[in-house]
Amino acid sequence: MDYFVAEYQRGRTPHPCIACNDRLKFDFLIERADFMDAQFVATGHYARINYDERSESYSLLKGVDSHKDQSYVLFNLDQYKLSKVLFPVGWYTKSEIRQIAINANLPVATKPDSQEICFIPSGNYREFVQDRIVPKPGNFVDSSGNILGEHPGIQFFTIGQRRKLGVNANDGNPRYVVDIDSTDNVVTLGPESELFAKHFKANKVSFTKDYPDELVLEVKAKIRYKSSQETAKVIVNEDEVFVEFSEPQRAITPGQPVVFYQNEELLGGGIIEKRLDETEFRDTTSQPVSIEA
């Protein structure tokens, strides 16, 4: 919860499920399992793990049910964690799992899917954040720096937002949040066209297998759970990771995950740090030798 609030205070959009998986579900539970001499930790994620005897390595695969696949939130799992985890429901569709639960007379067999953040059952994240941060008003500006109005606090906004801005466009065209600057407490608004970009930098990147510190990967990447996978190049240069999409993507949002796939396998992922224009991208990336994943 502290992480969730702090990210909004920085003008970013957090993903609490990934933080929970990283800090609680796997690190803590695997440590606890080792302490208890338990062989595995099993969770209900819709994903699959495959072990290849020839390479003696584990692969993290999408769940059978493409509508419920949760591999997106599991990119922090390394080889050791994959060796200690079971995802039994990932080999079934959600309807098959419900039928198994009905046959077993489980009271939750027909329980609706949860769509809310577990620690905000009301679904109103703005209220939750406002109770923990004193909002600091600032300016709405356009991409040229012209002041368009005043906002109540950057924590109430996210990249791509159109509704509840409180600013009317004089030309009748809708405005969207295209940038949030926590240093100057400024929210930049612009037309939808300004939301599209091809390049960004990511941090806290991890891969499910061991790769060299410098490489280029050709992948299918996605920047939100419900978005489609798009062709991208991932450039890893020690601790810095840069992503270049083949086609511009809408609302690349700092604080949200980016994940990398090849076919059914999830290779890894990270957290979007900031969007880059093409000049910034070319100036800050090197081109190490490309390898096959």
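Is E244 buried or exposed, and what is its relative accessible area? E244 is buried, at 11% relative accessible area, where buried means under 20%, exposed means over 50% and partly exposed falls in between (1.4 Å probe, protein chains only). Bear in mind that this is a predicted model: local features need pLDDT of at least 70, side-chain atom pairs count only at pLDDT 80 or more, and totals for chains, interfaces and linings use all residues. Residues are numbered from 1 along each chain as its sequence is written, and side-chain values use heavy atoms, with hydrogens and water left out.

**Helix α1 and what follows**

- Helix α1 covers residues 2–9, and its buried residues are Y3, F4, V5, E7 and Y8. Helices here are DSSP runs of H or I with at least four residues, strands are runs of E with at least two, and both are numbered from the N terminus.
- Those buried α1 residues pack against α2 (16–35) and α5 (125–130), with contact taken as heavy atoms within 4.5 Å.
- After α1 comes G11, which has a positive phi, near 80°.

**Salt bridges: the tally and a network**

- The structure has 13 salt bridges, each one a side-chain nitrogen of Lys or Arg within 4 Å of a carboxyl oxygen of Asp or Glu.
- One of them pairs E273 with R12, at 3.4 Å from N to O. E273 sits in strand β14 (residues 265–276) and R12 in the loop between α1 and α2, so this pair ties together parts that are 261 residues apart in sequence.
- The two partners sit in unlike surroundings: R12 is buried at 7% relative accessible area, while E273 is partly exposed at 26%.
- There's a salt-bridge network here too, linking E7, R10, R12 and E273. E7 also appears among the buried residues of α1.

**Two further pairs**

- D113 and K68 form a salt bridge, with their closest N and O atoms 2.4 Å apart. The pair links distant parts of the chain, 45 residues apart: D113 is in the loop between α4 (94–103) and α5, and K68 is in the loop between β3 (57–62) and α3 (79–84).
- D113 is partly exposed, with a relative accessible area of 29%, and K68 is partly exposed as well, at 25%.
- Back to E244: its side chain meets that of R282 in a salt bridge of 2.5 Å, N to O. This one links strand β12 (residues 240–250), home of E244, with helix α6 (residues 278–284), home of R282, and the two residues are 38 apart.
- While E244 is buried, R282 counts as partly exposed, at 41% relative accessibility.
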